[in-house]
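Could you walk me through this structure in the viewer, stop by stop? I'd like to know what to select next and what is there.

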There are 2 protein chains.
Amino acid sequence: MKDVAARAGVGLKTVSRVVNGEPGVTPDTERRVQEAIEALGFRRNDSARVLRKGRTASIGLVLEDLADPFYGPLSRAVEEVARAHGALLINGSSAEDPDREQELVLALCARRVDGLVVIPAGDDHRYLEPEIKAGVATVFVDRPAGKIDADVVLSDSFGGARDGVAHLIAHGHRRIGFIGDMPRIHTAAERLRGYRAAMEDAGIPVEDAWMSLGVTDPLRVREAAEEMLSGPSPVTAIFAGNNRVTVTVVRVISEIGRPVALVGFDDIELADLLNPGVTVVAQDAAALGRTAAERLFRQLDGSLVTPERIELPTRLITRGSGELPPSG
Amino acid sequence: MKDVAARAGVGLKTVSRVVNGEPGVTPDTERRVQEAIEALGFRRNDSARVLRKGRTASIGLVLEDLADPFYGPLSRAVEEVARAHGALLINGSSAEDPDREQELVLALCARRVDGLVVIPAGDDHRYLEPEIKAGVATVFVDRPAGKIDADVVLSDSFGGARDGVAHLIAHGHRRIGFIGDMPRIHTAAERLRGYRAAMEDAGIPVEDAWMSLGVTDPLRVREAAEEMLSGPSPVTAIFAGNNRVTVTVVRVISEIGRPVALVGFDDIELADLLNPGVTVVAQDAAALGRTAAERLFRQLDGSLVTPERIELPTRLITRGSGELPPSG
């Protein structure tokens, strides 16, 4: 730290303030200190330093929605890895708001987390560069980072959706609807791309009325599903872009009184006990969390240096709803 | 702070360290400072001080299990209230371990949260007294605090379970099983008490073989349910003590090939679409979180001083499984 202070031309206390995210430093001074840190290769996560200070190591996890069951096993897996490394896990939620994501990430850094697992809401993470340079280990999960080079662990959303839609086509469907999340969300865009690829592979021209992307609250999804399932040439099958969409579509289909085929991305609890059981493209949410957290600790112990993109496979689970033939 | 330092006979920096949970203070000195703070009525959450330091207000939420869907709406409600007050929410999970709860609570305090909403795992919270005295607002939710006087927001577990079991009795059942969580957990004990009260009200002597309390993982619950449902005089109905128990019991009943009545504590997603639909005693998880968080901010603005115990009512939702007559 003395070297950093000397190089930046500031006092030790100022370096400490910058490294620990404390207030009272001008942006210009902060930049000078960050540049000195970078030039000298100083990393905040020097484990000797953590031990010297005698404080508990902690990692932060930034989720997108605290109430989405997909994040339950993911969070728990991150926590288990953290615990195995003697670290506490601290969570927060961006509620799918890029500003809030940034506010939360920086607040966690200011509270001196040693590392971050981030499910990003935004698509520009350059605001994290000073933190990463100061030694905060960072892994993105579920969706990639934007405009920075960082570790990312994803499910194969494109391949999973393509396989799920191809499964519906193999059971005789041609008029297949896609209901997904907002297109600015990476996973939603990738799954739509998978849908389009499967349709194109089968030589089926996609009609605009078959695709609906937007927020996944029950009202919007219900309206989209009801619209696709009405009119003179309704869809005979729906591919649901995530678990929130699937539960609403299951509900709409149960009310409509005729069989409609359904494949959903993400598994859902009790899907096997519904009649018909819900065929899904399952992600391994726990493996996503575990893989991301393990990479984080390998960054922290210095054994990982080059950011990588890791893609985990999905798995089609057939239970009945995806094997129904076209009706009407 | 000068007054506190003078009274405790320490320097300003030491007072600051104690108030901000920083290391480097002996237990004896910490106690002297806490006593001075208490004697002088100094409260850390003086909002002028927060504003002076220019940092973002934050509150901590300590959950029991990140993957339990019951905590999803509760967490989100706490977060919405926090956001409405311009505060960030930081979560952590105790994984039902009292030591981990304490470690996490103190780590959040050391990271200077302004308040805490705690779903306790332990039954002795005297470790929180210095923090509360130093001005950390604290509300317990879902389960009461142990050995300290603190705000608590609960569901009426006793009344809800009694009503649910009485509902099964009203539909002709006498041999009714109860499967719940570990008896040291307040809600589990209260729901068992509700079960016993309903049985006693109906003059039905309870057999030991009808009650099973323990961890709610699927293997343990499955074994308990299968045992109650086998033998020469199986139970004809089961009351499931929480949502984790209910999903496993639904699965066991679906395999067993004869109708078994079921009422579960906590609502579960898609419960209405199963056949039969699952009758539940629903808690309002969002209202628990909202009520707790609102009390927390009323503590922080100084308008609440006396700890209270608030009990929210439950609601019986009949969907079919709880209205089945005894079979066999």
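Which residue of chain B comes closest to the rotation axis? Select Asn91(B): its C-alpha is 2.3 Å from the axis, and no other residue of chain B comes closer. Keep in mind as you click around that this is a predicted model.

Now show both chains and look at how they are related. A turn of 180° with a shift of 0.0 Å along the axis lays chain B on chain A, with an RMSD of 0.0 Å. The two copies are thus related as by a two-fold rotation axis.

**Stop one: where the chains meet**

Select the residues in contact between the two chains. You should get 40 residues from chain B and 40 residues from chain A. Of the interface residues of chain B, 100% are interface residues in chain A too, so the copies meet through the same surface. The size of an interface is often given as the accessible area that is lost when the parts come together. Here, chain A and chain B bury about 3,700 Å² between them, and 55% of that is on carbon and sulfur atoms.

Next, turn on polar contacts across the interface. The rule finds 12 residue pairs in polar contact between chain B and chain A, with both residues at pLDDT 80 or more. To see what carries this surface, colour α5 (71-84), β2 (88-93), α6 (98-110) and α11 (243-256) of chain B: these are the elements that give two or more residues to the side touching chain A. That side of chain B divides into 18 nonpolar, eight polar and 14 charged residues.

**Stop two: salt bridges**

How many salt bridges does the rule find across the interface of chain B and chain A? There are six of them, while a search of the whole structure gives 36 over all chains.

Zoom in on Arg76(B) and Asp65(A), whose side chains form a salt bridge at 2.9 Å, N to O. Arg76(B) sits in helix α5 of chain B and Asp65(A) in the loop between β1 (58-63) and α5 (71-84) of chain A, so this pair joins two chains. Then pick Arg251(B) and Asp272(A): their side chains meet in a salt bridge too, at 2.3 Å, N to O.

**Stop three: an aromatic pair**

Over all chains, the count comes to six aromatic pairs. For one of them, select Phe178(A) and Tyr195(A), a tilted pair with ring centres 5.4 Å apart and 45° between the planes. This pair links distant parts of the chain, 17 residues apart: Phe178(A) is in strand β6 (residues 176-180) of chain A, and Tyr195(A) is in helix α9 (residues 186-201) of chain A.

**Last stop: backbone oddities**

Most peptide bonds are trans, and most residues other than glycine have a negative phi. With that in mind, go to Asn275(A) and Pro276(A), which are joined by a cis peptide bond with omega of about 0°. Pro276(A) is in the loop between β9 (261-265) and β10 (279-282) of chain A. Hop over to chain B, where a cis peptide bond joins Asn275(B) and Pro276(B), with omega of about 0°. Pro276(B) lies in the loop between β9 (261-265) and β10 (279-282) of chain B.

Finish at Lys147(A), which is not a glycine but has a positive phi of about 65°. You'll find Lys147(A) in the loop between β4 (137-141) and β5 (151-155) of chain A.

How values were computed
Residues are numbered from 1 along each chain as its sequence is written. Chains are lettered from A and ligands numbered from 1 in the order in which they are written. This is a predicted model: local features need pLDDT of at least 70, side-chain atom pairs count only at pLDDT 80 or more; totals for chains, interfaces and linings use all residues. Side-chain values use heavy atoms; hydrogens and water are left out. Copies are superposed by least squares on the C-alpha atoms of residues with pLDDT of at least 70 in both. Contact means heavy atoms within 4.5 Å. Buried area is the accessible area (1.4 Å probe) that two parts lose on being put together, summed over both. A salt bridge is a side-chain nitrogen of Lys or Arg within 4 Å of a carboxyl oxygen of Asp or Glu. A polar contact is a pair of N or O atoms within 3.5 Å; within protein, one must be able to donate a hydrogen and the other to accept it, and residues adjacent in sequence count only if both atoms are side-chain atoms. Helices (H or I, at least four residues) and strands (E, at least two) are DSSP runs, numbered from the N terminus. Ala, Val, Leu, Ile, Met, Phe, Trp, Tyr, Cys and Pro count as nonpolar, Asp, Glu, Lys and Arg as charged, and the others, Gly among them, as polar. Rings of Phe, Tyr and Trp (its six-membered ring) pair if their centres lie within 6.5 Å; planes under 30 degrees apart count as stacked, over 60 as edge-to-face and the rest as tilted.
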